[in-house]
Amino acid sequence: CRFTVDCNAPSYSSEAACCKAAYAGQVSGYCVQQLPSPPTTSPTDAGGLDIYYPDYGTAWPEAGCINKRPMPSGRPTYSTML
């Protein structure tokens, strides 16, 4: 989908809207795959993780364990905050 504005083509609010409307039946999914942040077929989970890891980014006196996404690699993990 070429995201251009001219008098001879319908207008869309975004490149994603263009792909969804103009190429909705596209079997290859090429238009959607070319988006800067294409949607995925396996969406990421919302909310916190089911495990906790140390918050090394906060000063030690105020730090604790957190379960925010994404979890940095190489951290030890724990099943609870305690």
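These exercises walk through a predicted model of one protein chain.

Residues are numbered from 1 along each chain as its sequence is written. Local features need pLDDT of at least 70, side-chain atom pairs count only at pLDDT 80 or more, totals for chains, interfaces and linings use all residues, and side-chain values use heavy atoms, without hydrogens and water.

**Exercise 1. The fold pattern**

Find the helices and strands, and give their order.

Solution. Start with the terms: helices (H or I, at least four residues) and strands (E, at least two) are DSSP runs, numbered from the N terminus. The protein chain has two helices and two strands. Along the sequence they read α-α-β-β.

**Exercise 2. The disulfide**

Locate the disulfide and describe its setting.

Solution. Apply the rule: two cysteine sulfur atoms within 2.5 Å make a disulfide. The count is one. C19 pairs with C31, with 1.9 Å between the sulfur atoms. The pair links distant parts of the chain: C19 sits in helix α1 (residues 15-22) and C31 in helix α2 (residues 30-33), 12 residues apart. Next, the twist: the angle about the S-S bond is -80°, a left-handed link. Last, the cover: C19 and C31 are buried (under 20% relative accessible area; exposed is over 50%, partly exposed in between; 1.4 Å probe, protein chains only).

**Exercise 3. Burial**

Is C65 buried or partly exposed?

Solution. C65 has a relative accessible area of 22%. That makes C65 partly exposed. For the whole protein chain, 12% of the 82 residues are buried.

**Exercise 4. A cis bond**

Find the cis peptide bond and place its proline.

Solution. The bond runs from R69 to P70, with omega near -10°. P70 lies in the segment after β2 (65-66).
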